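Trainee: I have a new model open and would like to learn how to read it. Could you walk me through it with me asking as we go?

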Amino acid sequence: MCIVIGAALVSAGCSTGPRRGAPAPVVGSQPVPASASRGAVESSAYPAGESTEAEITPYATGESMPAEITSTPMQAPAVPAHSNNSAVLALLSNAGTQQQDGDIAGAAATLERALRIEPRNARLWHRLASLRLDQKQYRMAADLADKSNSLARGDGDLTRANWRLIARARSALGESAAARDAWLRAR
Amino acid sequence: MARKSTRPAGRSSTRKNTARPARGAGGRKRGGAGKRSGYRWSTRLLALTLLFSLITGVYLLYLDHQVQVKFDGKRWSIPARVYARPLELYAGARIGPEQFIEELNRLGYRKVRHPEAQASWSRNNSRFLVRTRPFTFWDGAEPGRYLDLRFEGDRLAGLFDAGGAPQALVRLEAPEIGSIYPSHNEDRLLISRDQLPALLVQGLVAVEDRSFYSHHGVDPKAILRALLANVRAGELVQGGSTLTQQLIKNLYLSRERTLWRKLNEAVMALMLDARYGKDEILEAYANEIYLGQDGSRAIHGFGLASRFYFNRPLVELDLPRLALLVGMIRGPSLYDPRRHPERAKKRRDLVLEMMRQQGAISERQKQQAVDSPLGIGNPGSGGEVRYPAFLSLVRRQLHNDYREEDLTSEGLRIFTTLDPWVQEQSEKALAGRLFQLEKNHRLPAGKLQGAAVVAATGSGEVLAVVSGRNADFSGFNRALDAVRPIGSLIKPVVYLAALMQPRRYTLTTRIEDAPVNLKLAGGKRWTPDNYDRKSHGSVTLFQSLTHSYNLATVNLGLDLGLDAVTGLLTDLGITRKVEVVPALLLGALSLSPLEVTQLYQTLAAGGFRSPLRAIREVQAQDGSALQRYPLTVRQSVDQGPVYLVNRNLQEVVSTGTGRGLSAFLPADLHLAGKTGTTDELRDSWFAGFDNDRVAVVWVGRDDNSPAGLTGSQGAMQVWGDLMRRLKPDPLNLPEPASVDSVWVDADSGLLADEHCANAALIPYLKGSAPVTASSCVSRSGQGIGDFIRGFFE
């Protein structure tokens with residue numbers, strides 16, 4: 001017993017490895033997404049401090065969306081969004097700040113928060129559409145602008161702004177005839 | 001750590017160790033003079049001693065390596081924690097006091113006379129004062145706040161801070177709804193040393209290891225003391241293990257009770273103590289310790305135990321609760337406060353007494369704690385998996401993007417779309433109504449089953465998933481996996497396919513509700529019938545869908561072609577392979593309630609499909625945002641025809657097969673919905689929506705035998721109860737620019753005006769409205785003006 005303990009203390013006491021006294025980390029390595037994912041996630045590794053967006057594919061559709069691009073040209077929204085709800089106004093202001101700071105994923109999430117409060121606010125949908133256009137997610141931008149138009153109800157300025165946005169998205173997608181049609185409606 | 005390097009233990013043992021070969025050499029000298037055999041003997045002894053030392057040395061190095069690898073590396077797999085949506089508070093929010101109190105209870109906030117501490121609240125009629133906990137969301141931290149809330153009816157009318165300044169928007173913390181723990185079923189919630197309350201540490205030391213701060217990993221005095229006590233008692237009443245030894249046992253060794261294991265434990269405890277500081281050992285101990293069982297899930301560590309037993313974080317526990325946790329270490333099931341409250345209280349009081357003896361607490365503190373109740377949270381609360389049906393949906397969605405081992409080991413935080421309020425109302429509606437239905441229809445008790453899904457129309461966020469009448473049971477998930485024929489729920493798709501061809505079909509186009517006799521591929525004949533076994537002759541599309549006529553629908557569908565219907569199903573979000581047979585037109589298509597929800601989401605959103613989502617964000621253990629699952633929409637069907645179908649679905653509820661909903665919900669909500677019934681009443685369905693939520697209910701039996709209920713007798717009753725509980729927002733369908741609503745004579749399908757007896761305002765796609773005026777218009781003599789007015793309305 002004595003020998004065993006003695007030897008133990010030799011080994012513990014003599015080896016002056018660099019680990020000695022170092023804090024024992026509890027945190028593991030960064031998770032890695034499954035390599036066999038359905039192509040829904042765009043990144044293979046997560047850069048520290050940056051978030052990524054993934055399209056959920058599961059039950060309904062196998063459609064995928066391009067990656068969230070964080071550095072994009074800034075574009076002021078064509079039509080100011082508004083609301084009578086002070087919570088929505090606060091979120092809109094936050095989203096604007098986030099967009100200016102280049103935090104596009106954050107701005108999108110903030111607009112989604114606002115949309116949960118006012119799901120039928122056509123101008124919020126338009127803001128989200130213009131954000132996606134800035135990110136060069138043209139198909140999504142056009143669909144969001146369509147959605148905005150479906151709720152716009154006689155808001156002529158907004159409808160025209162949505163058509164302009166759709167026209168630009170379609171041009172970027174190479175759908176020139178459809179883009180022309182959208183420009184005509186934007187007038 | 002400095003204390004460690006200057007400790008004499010290592011050096012003194014070094015001396016001891018080097019002395020050994022010297023003794024051996026001495027022996028050789030004494031016995032080696034001339035006697036060969038003696039010389040050989042001593043050589044052998046020396047060799048044996050050396051060999052033994054070598055083996056021991058290697059073995060000890062191995063043990064030391066084990067100690068370090070496990071302690072320095074990732075000690076535990078940390079399960080992903082799953083959160084429901086945070087409640088958003090703002091003036092005007094549709095939240096009533098009842099819902100608000102439920103949320104506070106869910107979060108483990110305490111009702112007090114005046115909120116002084118974090119996570120407490122008080123109420124004075126419709127005014128609430130709340131001190132919130134801080135919470136780190138994926139997009140930033142929400143600080144703890146002191147809030148003043150005023151409710152008016154079912155709305156939050158005002159939101160202020162305690163100083164009276166209006167607050168635009170405050171997020172309460174996200175309620176935790178479960179964890180994704182690995183197959184060995186260990187669950188834990190990591191805490192750091194500085195999160196360990198001082199009283200907890202004092203209790204631990206007082207009860208488990210009095211000389212923790214002074215011994216070197218093993219406490220010989222404690223071993224002696226235990227030995228004496230055990231001999232005196234004639235049985236094992238006391239263990240002499242230090243906290244360090246207990247940690248070694250739990251972290252590294254098997255549970256067997258052998259001397260060899262005891263020896264290893266002691267050696268490794270000395271090594272651990274030599275290498276690491278007391279605080280590190282204490283932190284590891286606090287996270288490792290086993291403290292209870294929740295079904296197959298093992299509760300490890302004080303962090304999780306605090307949530308599990310008290311539904312609140314460790315830092316918020318008072319002395320009696322901390323003492324209870326300390327007491328449970330000796331026997332988590334023996335002293336389980338839920339199963340054996342009296343035994344647990346006795347044990348807790350003993351801990352308190354020991355703490356007093358050690359001077360950790362005063363006599364007064366002890367007495368107060370002894371006088372207080374155990375303070376255990378409800379069995380239904382406390383971090384265990386509360387909504388297994390929804391969580392299995394979350395897991396499936398996560399498995400598209402993450403490996404199982406990442407989910408069970410990396411400490412991810414998963415923010416989901418679950419609305420616990422909607423979930424609980426849905427569970428109550430399903431369980432309550434199924435019980436009622438069995439009673440009212442004299443059905444065998446307990447056989448009827450059901451499922452429900454509720455989603456947000458505009459975003460596709462899944463708000464609730466109910467998988468059966470016992471929602472806590474995590475067995476077969478009917479909402480996701482009961483794939484059943486959908487019956488007449490398919491009809492809106494058939495009519496939508498027709499209305500997408502405005503030159504051929506409008507809502508007032510007449511079709512024949514006449515017998516069908518089809519020869520099928522196998523030579524069989526198919527002769528469907530109406531539910532009332534009558535033919536209704538020539539009917540409009542509008543009437544046919546409203547009353548769910550089978551024969552007219554089959555005739556319409558055959559005329560359109562089955563491909564038109566199957567193609568549309570895909571556009572509406574159905575990915576399952578569809579068998580293209582005529583019976584498809586009457587719902588010989590099997591889908592899960594979740595898939596039906598996707599189908600009706602696209603309809604409810606005016607043709608804008610949003611894939612159903614159960615997750616919003618995933619956050620890494622270090623708090624950084626990993627991933628978002630953003631809101632997406634895809635305009636998959638033209639708004640115009642969808643609008644016509646939705647108007648028709650409102651008619652279903654106001655005058656058609658869904659009119660029985662008036663027993664639950666007032667007509668001025670203008671809800672839209674559709675019943676579904678399958679052969680021999682095996683499946684009873686209802687799908688419908690209000691202004692911002694779509695809900696689907698299925699009722700049937702697990703053995704697929706007839707349930708004895710039509711869609712309106714069964715599922716619709718659940719749906720009505722469910723929606724009434726959710727206080728629906730009136731459905732307001734925005735009329736697309738491509739649609740004109742026109743007054744039409746319901747009998748002739750010709751233009752009318754609103755003064756005509758049978759006039760109805762019918763929506764048409766532009767250019768498809770009737771142009772011939774009915775005789776009613778000419779008779780009233782105001783036809784042309786109204787005609788123009790109607791056309792442009």
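**Reading the model step by step**

Mentor: Let's begin with the domains: chain B is divided into domain 1 (2–72), domain 2 (80–178), domain 3 (181–210 + 289–385), domain 4 (431–726) and domain 5 (739–792). Please keep in mind that this is a predicted model.

Trainee: How far apart are the C-alpha centres of domain 2 and domain 3 of chain B?

Mentor: Those two centres lie 27 Å apart. Five residues of domain 2 of chain B and six residues of domain 3 of chain B take part in the contact. On the domain 2 side, the touching residues are one nonpolar, three polar and one charged.

Trainee: And chain A? What does its secondary structure come to?

Mentor: Chain A has seven helices and one strand. Along the sequence they follow the pattern α-β-α-α-α-α-α-α. Of its 187 residues, 48% count as buried. You can also look at how contacts span the sequence: among contacts in chain A between residues at least 6 apart, 50% join residues at least 24 apart.

Trainee: Next, the nonpolar cores. Which residues touch the most other members of the largest one?

Mentor: That core has 196 residues, and the ones touching the most other members are A:Ala141, B:Ile414, B:Ala452, B:Val453, B:Leu496 and B:Val697. Its largest share, eight residues, comes from helix α3 (residues 104–117) of chain A. There is also a second, separate core of 58 residues, which includes B:Phe308, B:Phe310, B:Leu314 and B:Ala369.

Trainee: Let me take B:Val697 as an example. Which residues is B:Val697 in contact with, leaving aside neighbours within four places in sequence?

Mentor: The contacts of B:Val697 are B:Gly450, B:Ala452, B:Phe686, B:Ala715, B:Val718, B:Trp719 and B:Leu722.

Trainee: Now strands. How should I think about the two faces of one?

Mentor: The general idea is that in a regular strand the side chains alternate between the two faces of the sheet. Try this with strand β16 (residues 448–456) of chain B: nine of its nine residues are buried, so the strand is largely enclosed by the rest of the structure. One face carries B:Leu448, B:Gly450, B:Ala452, B:Val454 and B:Ala456, the other B:Gln449, B:Ala451, B:Val453 and B:Ala455, and both faces are covered.

Trainee: Which strands pair with β16(B)?

Mentor: One is strand β30 (residues 693–701) of chain B, paired with β16(B) in the antiparallel sense over nine bridges. Within that pairing, B:Val454 has B:Ala695 as its bridge partner. Another is strand β17 (residues 462–466) of chain B, antiparallel to β16(B) and joined to it by four bridges. Here B:Val453 stands opposite B:Val465. β16(B) and β17(B) form a hairpin with five residues between them, and B:Gly460 in the turn has a positive phi of about 75 degrees.

Trainee: Can we read a whole sheet? What is the strand order in the open sheet of five strands in chain B?

Mentor: The order is β3-β4-β5-β8-β9, with mixed pairing. To find the edges, look for strands with a single partner: β3 (110–111) and β9 (155–161) of chain B each have just one, so one side of each is left without a neighbour in the sheet. Further in, strand β4 (residues 120–124) and strand β5 (residues 127–131) of chain B run antiparallel and are joined by five bridges. One bridge pairs B:Asn124 with B:Arg127 of β5(B).

Trainee: And the open sheet of three strands in chain B, which strands stand at its edges?

Mentor: The order there is β12-β14-β13, again with mixed pairing. β12 (186–188) and β13 (290–294) of chain B stand at the edges, so each has one side without a neighbour in the sheet. Neighbouring strands are turned by 35 degrees against each other on average, direction ignored. β12(B) pairs in the parallel sense with strand β14 (residues 297–300) of chain B over three bridges, and B:Asp187 has B:Ile299 as its bridge partner.

Trainee: One last residue: B:Leu247, in helix α7 (residues 243–252) of chain B. Is B:Leu247 buried or exposed?

Mentor: B:Leu247 counts as buried because 25 C-beta neighbours lie inside 10 Å. Leaving aside neighbours within four places in sequence, B:Leu247 is in contact with B:Ile281, B:Ala284, B:Tyr285 and B:Glu288. The C-alpha atoms of B:Leu247 and B:Ala284 are separated by 7.6 Å, with the two residues 37 apart along the chain.

Note on methods:
Residues numbered from 1 in each chain as written. Chains lettered and ligands numbered in written order. Predicted model: local features only at pLDDT ≥ 70, side-chain atom pairs only at ≥ 80, totals over all residues. Helix = DSSP H or I, 4+ residues; strand = E, 2+ residues; numbered from the N terminus. Buried ≥ 20, exposed ≤ 12 C-beta atoms within 10 Å, placed from the backbone. Contact = placed C-beta atoms within 7 Å. Core = buried A, V, L, I, M, F, W, Y, C linked by C-beta atoms within 7 Å. Domains from an automatic or database assignment. Nonpolar A, V, L, I, M, F, W, Y, C, P; charged D, E, K, R; others polar. Pairing = 2+ DSSP bridges. Axes fitted to C-alpha atoms, helices over the stretch in contact; angles between N-to-C directions.
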